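Subject: Structure handover

Dear colleague,

Please find the structure below, with the sequence. My notes on what was found in it follow.

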Amino acid sequence: MPNAPHLNALDQISASLAALDTEVGPVKLSGRVTQVSSEAIRVSGLSRVVCLGDLVEFEGRSGIRQGEIIRLDQTDIVIKPLERVTDIGIGSVASVMGGLAIHPDMTWRGRIINALGEPIDGAGPLSHGVEAFLLDRAPPPAMNRNKISEGVKTGVRVVDLFTPLCVGQRVGIFAGSGVGKSTLLGMLAGFGDFDTVVVGLVGERGREVREFIEDILGETLANSVVVASTGDESAMQRRLAPKTAMSVAEYFRSQGHKVLLILDSATRFAHAARDVALAAGEPPVARGYPPSVFADLARLIERAGPGSSGEGSITGIFSVLVDGDDHNDPVSDAIRGLLDGHIVLDRQIAESGRYPPVNVLRSTSRLADRAWTPDQQDLIHRIKGLISHFEDTKDLRLMGGFQAGGDDKLEKACRLVPKIYEALRQRSDQIVPSDPFADLAQALAADG
């Protein structure tokens with residue numbers, strides 16, 4: 001650069017640096033691949049300048065590949081690729097890109113994106129907001145959160161009666177495969193006074209993604225953001241998809257929206273987190289699950305809920321795929337303890353043809369008293385007592401051991417419980433903004 005006599009030395013140095021930055025561009029920190037396996041890639045030269053969770057780019061033969069740092073050693077780092085790659089060899093260049101983040105925007109409603117925040121609906125590129133939302137954001141401080149006080153009607157009678165939800169609550173739907181979990185999720189997504197709905201589909205069959213969006217979400221898609229990661233994608237992307245969905249929900253919460261977040265399913269997130277943790281060298285401690293899986297679950301779920309003062313809320317509904325119908329497996333048990341309630345779907349009820357197949361005796365909402373009036377609470381407790389007595393004596397009645405006139409409470413249960421069960425039957429297209437208690441009273445009165 002030519003010298004300018006009227007500039008002092010500091011001005012000359014500043015001008016030179018500015019010109020150099022313009023010519024060369026930003027500098028990337030890079031290392032070299034030293035080991036490649038089917039599970040992870042080892043890179044040397046970066047261990048002193050990176051952190052866990054940072055994104056790394058590789059120069060593969062077919063283009064740029066990405067991965068996340070899952071382990072640090074004294075001299076090397078271990079990276080889990082975001083997709084299965086076969087074109088990265090020894091000596092390939094690996095560059096640090098920083099933490100994984102997305103830039104949500106209000107225009108994302110109505111769009112379908114992948115775990116990296118990229119559009120997959122063929123509707124063109126996404127607009128990006130100003131603020132970056134890290135996929136591993138910390139939950140709001142406990143003492144800064146707003147209190148939960150407002151009930152919400154879902155339009156699903158069995159839920160509004162026995163496990164009523166509140167705005168900002170986190171509830172789980174526990175079910176085995178093929179019991180009706182996705183249908184109930186769609187019913188809950190299609191009704192309710194929410195400004196924005198965020199749906200995270202994790203590990204789903206490719207066929208089911210479009211069916212869920214078109215057949216179950218339907219018109220609700222207009223004010224929804226769908227984050228989809230199918231079962232054929234890598235464990236890294238299935239692990240990132242729920243975090244992406246949560247970050248999108250946090251953006252809308254920061255804008256003052258009442259957000260409904262539906263995550264299907266938390267179990268598949270745990271499976272993906274297990275694969276990543278095992279690749280990082282963690283030991284399995286509970287039926288093959290490393291300790292970090294349960295920490296990841298707690299951190300993810302805790303990010304939902306009410307926001308800080310001036311923000312909106314995230315009402316979280318997390319589906320839990322119960323392996324082998326065992327509701328006490330480590331993941332189900334851990335998630336149940338983290339949530340504000342759980343709705344249990346029963347296979348026997350589904351086989352009897354009653355949908356939604358909610359087991360009202362095993363389901364509970366820890367915030368129900370904030371949605372019920374005292375009279376409603378007393379009524380539900382008495383109804384659950386009748387149902388419990390009816391179910392406990394099922395074998396006795398089948399054997400002909402029940403005699404009329406011997407037990408007034410059992411006679412009342414035998415007369416009313418079948419009518420209650422019939423009133424709880426509801427098709428997915430029968431969601432109406434009515435009073436569930438009035439509907440139940442009308443159903444019982446209609447049969448005398």
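Two strands are taken to pair if DSSP finds at least two bridges between them. Helices (H or I, at least four residues) and strands (E, at least two) are DSSP runs, numbered from the N terminus. This is a predicted model, in which local features need pLDDT of at least 70 and side-chain atom pairs count only at pLDDT 80 or more, while totals for chains, interfaces and linings use all residues. Residues are numbered from 1 along each chain as its sequence is written, and side-chain values use heavy atoms, with hydrogens and water left out.

The barrel

Six strands, in the order E1-E2-E5-E4-E3-E6, make a closed barrel of 6 strands with antiparallel pairing. On average, neighbouring strands of this sheet are turned by 45° against each other, direction ignored; the axes behind such angles are lines fitted to C-alpha atoms, for helices over the stretch in contact, and angles run from 0 to 180 degrees between N-to-C directions. Within the barrel, strand E4 (residues 63–72) and strand E5 (residues 76–81) run antiparallel and are joined by 5 bridges. Ile 69 stands opposite Ile 79 in E5. As a general point, strands of a sheet pair through backbone hydrogen bonds, either parallel or antiparallel.

Ser 247 and the aromatic cluster

Helix H5 (residues 235–254) contains Ser 247. Ser 247 counts as buried because its relative accessibility is 0%; buried means under 20% relative accessible area, exposed over 50%, and partly exposed in between (1.4 Å probe, protein chains only). Contact means heavy atoms within 4.5 Å. Leaving aside neighbours within four places in sequence, Ser 247 is in contact with Ile 102, Pro 104, Phe 133, Leu 134, Leu 135, Arg 137 and Arg 303. Between Ser 247 and Leu 345, the separation is 98 residues in sequence and 29 Å in space, C-alpha to C-alpha.

The structure holds 4 aromatic pairs. Rings of Phe, Tyr and Trp (its six-membered ring) pair if their centres lie within 6.5 Å; planes under 30 degrees apart count as stacked, over 60 as edge-to-face and the rest as tilted. One of the pairs is Phe 133 with Tyr 251, edge-to-face at 5.8 Å centre to centre, with 90° between the planes. This pair links distant parts of the chain, with Phe 133 in strand E9 (residues 133–134) and Tyr 251 in helix H5, 118 residues apart. Phe 133 and Tyr 251 are both buried. Tyr 251 also forms an edge-to-face pair with Phe 252, at 5.0 Å centre to centre and 75° between the planes. The relative accessibility is 9% for Tyr 251 and 0% for Phe 252, which also counts as buried. Together, Phe 133, Tyr 251 and Phe 252 form one aromatic cluster.

Charges

The structure holds 26 salt bridges, a salt bridge being a side-chain nitrogen of Lys or Arg within 4 Å of a carboxyl oxygen of Asp or Glu. One of them joins the side chains of Asp 340 and Arg 170 (3.5 Å, N to O). Asp 340 lies in the loop between helix H8 (330–338) and strand E18 (341–344) and Arg 170 lies in strand E12 (residues 170–175), so this bridge ties together parts that are 170 residues apart in sequence. Both partners are buried, Asp 340 at 16% relative accessibility and Arg 170 with a relative accessible area of 10%.

Asp 333 and Arg 336 form another salt bridge, with the closest N and O atoms 3.2 Å apart. These two both lie in helix H8, 3 residues apart, about one turn of the helix. Asp 333 is partly exposed at 43% relative accessibility, whereas Arg 336 is buried at 17%. Elsewhere, Arg 42, Arg 71, Asp 73 and Asp 76 are joined into one network by salt bridges that share partners. A further bridge connects the side chains of Glu 208 and Arg 205 (2.6 Å, N to O).

Two arginines sit over rings, for which CZ of Arg (or NZ of Lys) must be within 6 Å of the ring centre and within 35 degrees of the ring normal. Arg 336 lies over the face of Phe 174, at 5.2 Å from the ring centre, and Arg 274 lies over the face of Tyr 289, at 4.7 Å.

Helix H3

Helix H3 (residues 181–189) is mostly covered, with 7 of its 9 residues buried. Among them are Leu 184, Leu 185 and Met 187. The buried residues of H3 pack against E12, strand E13 (196–204), helix H4 (206–217), strand E15 (258–264) and strand E17 (313–321).

Regards
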